[in-house]
Structures are given as C-alpha cells and as structure tokens.
Amino acid sequence: MLGKLLKYELKASARTFFPLYLALIVVSIIAGLSGKTTSILAQGISGFVMGGLFVSLVVLTIMVIIQRFSKNLLEDEGYLMFTLPVSSKTLILSKCLSSCIFGVLSFTVAMFVMFILMISVGGIEVFKYMPEVFSEIFKWLFNFQNALDLLTIIITGILGFASFIVLVYFVLSLGQLPRFNRHRKLVAFVAFIVILVLLSILQSFLGQFIPALSGSMDTYYTSVYYGHLYNNPGMLAVLIWTLAQVLAFFFGTSYILDNKLNLE
C-alpha cells in the first residue's frame, strides 16, 4: 500500500514541479544566450528572472510540502484518506518520501542549470576540460574511503531535509489540536519558531559534551585527525542527532493524527 500511496504523491507533486523544472532549464539557456549579447538590459532581465526562478524553486518546495500534508490529511480530504486501510505512519511516510525525492530532484535540476550557465560563460572551451574533470572525479570515487565519505554527505543531507519535512508536519498537526481551532496557522508558525529555538538551545547544551554539535573548532580538528567523514565520531554524532529529530517529529505527528485528529 505504501507503494501506491507514494505513486499517487509523486504524480500529484510532479504536476507542480516539472513545469518549474522545465522553466528553469529554458530560462537558463536564454540567460546563457543573452550573456553573449552586449545588451546590459537583456543580461539584467535574464539574471533577474533566473534568480526569481531559483527562489521560486525553494519556496515552492516548502509550499508543496505544506499543501500536500495539510490538504490531504488535515482538511476535508482527510475524511477519505483516514478511511484507507493503512496506518497514519504509512500516510506520513509516503508524503515524506515523496518530498525527499523531489528535494533531490530540485537539487539535481539546480546543479544542471548551473552547469548550463557555466557553459554559457566559458563557451565551448569548457567541454575540452570535461574528460579531465570526470576522470579526476572517478579516480576520487574509486577510492573506497572517498566513496564512503560521499555516501555520508548524501545521507546527512537527506536526513537533514527529512527532519525539516517532519518538523513541518508536526507543527501543522499541533495547530489542528481542538484548543487551537481559531488560530491554527498562527499556532503552527509559532510552534515552528519555538521548536527551532529549543533545538538550538538543546544542541548547544549537548555540544558541551559532543563538540561536533556545537560547531566549535574541535570539530575541525577531529575531522583532520580522522581524515575521513565516515569514521569521524563528530559526523556520527550529527547523524544520530538528526535521526533523533526525524524519529521524534515523525512519531509525534503520528500520535496526534491517531489520537487528537481534528479535521477542518
């Protein structure tokens, strides 16, 4: 059932994201071509549009995360969704996985657009250096320890994004509690800020015992000492800290939906 729910979520989100991805790529090509012109106005307009589309990509990603969860589970559609023979955890997981997938896609498209712009600036000469660049990348990746470092960075990034997603789900669910009927969105926003502040305080406190969580120079020295991220105790502490947030907000959201659900 998780597969069917995930397929539905991906299709629904694709209708919003794919047109934006296409617009970014097309505008990046136009911006690259306008960069070849001597018209300052054309360069300025294309640069402004590109910046606007990048901002739109970030904002839209957040808005879709909020909309897909709120509209499907906390509003009228929730009456239908909660009649499905699945647990609230499965519903939350399908939405979280879909958001993570499109988060990765958005990042990939952004990197591709930057590559197009780089080619537009460097011209055809850029392609002369591509074989050498890819050769160095593959050499670096063929080192097993470097590959593990890259995997560690990817897992950390995805976990960090997932923690943001489930935090949004959690505060939206808090806003649905019966006592907050009149100010649901305001409560959700305030709860988001308060939780971020509390997490920062808690992280600073834990940083006294685990330097990696405090962002101190000890983290840098630890990284240098161990040489690689995958066997760095500091990175492991960050992963555990992030995973703990994901689990706390995930199960907290599930508890509210199971026991305190108050649909609009």
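Let's start with Y169. Y169 is buried, because its relative accessibility is 1% and the cut-off for buried is under 20%. One caution before I go on: this is a predicted model.

What does Y169 pair with? Its ring pairs with F69, and the pair is stacked. The ring centres are 4.3 Å apart, with 15° between the planes. The pair links distant parts of the chain. F69 sits in helix α2, Y169 in helix α6, and 100 residues separate them. F69 is buried too, at 0% relative accessibility.

Now the core around them. The largest nonpolar core has 35 residues. F69 and Y169 are among those with the most contacts inside it, along with C96, V166, I195 and F249. Which helices build this core? α2, α4, α6, α7 and α9 each supply at least two residues. Helix α6 gives the largest share, 10 residues. In soluble globular proteins, nonpolar side chains tend to be buried together.

Take C96 as an example. Leaving out residues up to four places away in sequence, C96 touches A162, I165, V166 and Y169. Apart from the largest core lies another one, of 14 residues. V27, A31, L53 and V64 are among them.

Next, the cavity. How many cavities of 30 Å³ or more are there? The count is one. The space inside is about 80 Å³. Y169 turns up again here, as one of the lining residues. Others in the lining include E9, S13, F17, R68, K95 and F102. Three helices, α1 (2–34), α2 (40–74) and α4 (88–122), each supply at least two lining residues. By class, the lining is mixed: five nonpolar, four polar and three charged.

Back to the rings. The whole structure holds eight aromatic pairs. One of them is F18 with Y21. That pair is tilted, at 6.0 Å centre to centre and 45° between the planes. Both residues are in helix α1. They are three residues apart, so about one helical turn separates them.

Are F18 and Y21 buried or exposed? F18 is partly exposed, because its relative accessibility is 45%, between the 20% and 50% cut-offs. Y21 is buried, at 6%.

Last item. Ring pairs link F18 and Y21 with F17 and F102 into a cluster. F17 and F102 also line the cavity.

Definitions and conventions:
Residues numbered from 1 in each chain as written. Predicted model: local features only at pLDDT ≥ 70, side-chain atom pairs only at ≥ 80, totals over all residues. Heavy atoms only, no water. 1 Å grid on protein atoms, 1.4 Å probe; cavity = no way out; pocket = protein on both sides within 12 Å on 5 of 7 lines; lining within 4 Å. Points joined across faces, edges and corners; volume = space filled by probe spheres on them. Helix = DSSP H or I, 4+ residues; strand = E, 2+ residues; numbered from the N terminus. Nonpolar A, V, L, I, M, F, W, Y, C, P; charged D, E, K, R; others polar. Core = buried A, V, L, I, M, F, W, Y, C linked by side-chain atoms within 4.5 Å. Buried < 20%, exposed > 50% of the residue type's maximum accessible area, 1.4 Å probe, protein only. Contact = heavy atoms within 4.5 Å. Phe/Tyr/Trp six-rings, centres within 6.5 Å; stacked < 30°, edge-to-face > 60°.
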